[in-house]
Amino acid sequence: MNEILLINASGQDKPGVTYAITQVLSQWDARILDIGQAVIHDTLALGMLVSLDMQPEAREQLLAAIRQACAEQDIQVRFQSISADSYRHWVDQQGKARHIVTLLARQVTAAQIAELTTIISRHGLNIDSINRLSGRVALTDLEKPVQDEQGSACVEFTVRGTPADMLALRADFMELSARLNIDVAFQSDTVYRRNRRLVCFDMDSTLIEAEVIDELAKAAGVGEQVAEITEAAMRGELDFKQSFARRMALLKGLDESVLAGIAAQLRLTEGAEKLISTLKKLGYKTAILSGGFNYFGRYLQQKLGIDYVYANELDIVDGKVTGEVKGIVVDGQRKAELLAMLAQQEGITLEQVIAVGDGANDLPMLSVAGLGVAFRAKPLVKASAQHAISNLGLDAILYLLGFRERDKLR
């Protein structure tokens, strides 16, 4: 008699459990329809969905043999017969779209997962699997507050289904992120997610913590004036080219000698070095596409080993900044064009490109990249971008690629 049987085994994890069960099944020519295993703190949960074709007497012999094999391993086992309708429904699910929901936080709490999974369920999505991508938590870390600024935690949910209202789902994730100080990313689980090849970064307030033009302005004695214009531009309140021209004009007469000192004092953003070094080891190409200045982009290129740098070239005459730049101004549209050019040069699709930035002038490149990430971004940018990271460092982008902490490259 044909039967579909679900076998659930659980207990202390040890070598040989899977062998013990499948060895018994092999003697009855059982067909494995699905299999999955998880281990949490040395506790095993193993599931198998098998197809059997045998008489009732043989079935009882099989179940008894599995029970005996599990008992010898000190493992508990349960059996459940699956109806034809239930099996057909399960098979039909494989045609549904799959997505990855990534929870990023300093520390993960039950409340965060409870509220996140409520949203997932409310929008008609079913969780297929849950995996922790971050490292195991040490006892000393348990004493730290949940929002300790040095922590880094990530849990990844594989979900199946298509939300009826994607905008509403995204709004719910954003509201949850703001309320609980977490980040939530929602990606289609496609082949491209595992095959990104190029990462393009904005520079100021993304790879580095400062806005270089503001630092130059301080040296020129016009810091407050330029900072106000910079903020308005990054919020999207001013056209970038116009605001850039106004700021540059205020720098006229600045001595070239101050550039080296400013470059030496630039602070890298949290996680920048780890992210870039890991991407390099994995074979990714990296680029700086910045509305800032080539001088500082090249400095970072040498420091971090970045492949490409495209930024504005300061015009300097007789050792003084003229208040203008040479060539085409790198604004938002130019960033998107450069990103597309690099993708073509590398022989990859736009889906294989990641773009990371914080300002309104980054939105064009964030929108054309396969994965656009607004990093510690202004509200307008965060609301408009596909994904946002506001609570962790740049290296959290590795989690969006499915990179596990245990996958560290030496």
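Start by selecting Cys200: its relative accessibility is 0%, so the residue counts as buried. Keep in mind as you go that this is a predicted model. Now add Cys154, which is also buried, with a relative accessible area of 0%. If you are wondering about disulfides, a search of the whole structure finds 0.

Next, go to the N-terminal part and colour the strands β1 to β4. They make an open sheet in the order β2-β3-β1-β4, with antiparallel pairing. The edges are β2 (31-40) and β4 (75-82); each has a single partner strand, so one side of each has no neighbour in the sheet. On average, neighbouring strands here are turned by 15 degrees against each other, direction ignored. Zoom in on β2 and β3 (residues 43-53), which pair over 9 bridges in the antiparallel sense. One bridge to pick out joins Gln37 to Leu46 in β3. Then show helix α1 (residues 17-26): it lies across β1 (2-12), β2, β3 and β4, and runs at about 10 degrees to β3.

Now for the rings. Select helix α8 (residues 240-250), where Phe240 and Phe244 sit 4 residues apart, about one turn of the helix. Phe240 is buried at 11% relative accessible area, and Phe244 is buried at 4%. Add Phe293: with Phe244 it forms a tilted aromatic pair, 6.0 Å centre to centre and 35 degrees between the planes. Phe293 belongs to strand β10 (residues 285-293), so this pair ties together parts 49 residues apart in sequence. Phe240, Phe244 and Phe293 form one aromatic cluster.

Last stop: select Arg197 and Tyr284. The charged end of Arg197 sits over the ring of Tyr284, 4.8 Å from its centre.

Terms used
Residues are numbered from 1 along each chain as its sequence is written. This is a predicted model: local features need pLDDT of at least 70, side-chain atom pairs count only at pLDDT 80 or more; totals for chains, interfaces and linings use all residues. Side-chain values use heavy atoms; hydrogens and water are left out. Two strands pair if DSSP finds at least two bridges between them. Helices (H or I, at least four residues) and strands (E, at least two) are DSSP runs, numbered from the N terminus. Axes are lines fitted to C-alpha atoms, for helices over the stretch in contact, and angles run from 0 to 180 degrees between N-to-C directions. Contact means heavy atoms within 4.5 Å. A disulfide is a pair of cysteine sulfur atoms within 2.5 Å. Buried means under 20% relative accessible area, exposed over 50%, partly exposed in between (1.4 Å probe, protein chains only). Rings of Phe, Tyr and Trp (its six-membered ring) pair if their centres lie within 6.5 Å; planes under 30 degrees apart count as stacked, over 60 as edge-to-face and the rest as tilted. A charge sits over a ring if NZ of Lys or CZ of Arg is within 6 Å of the ring centre and within 35 degrees of the ring normal.
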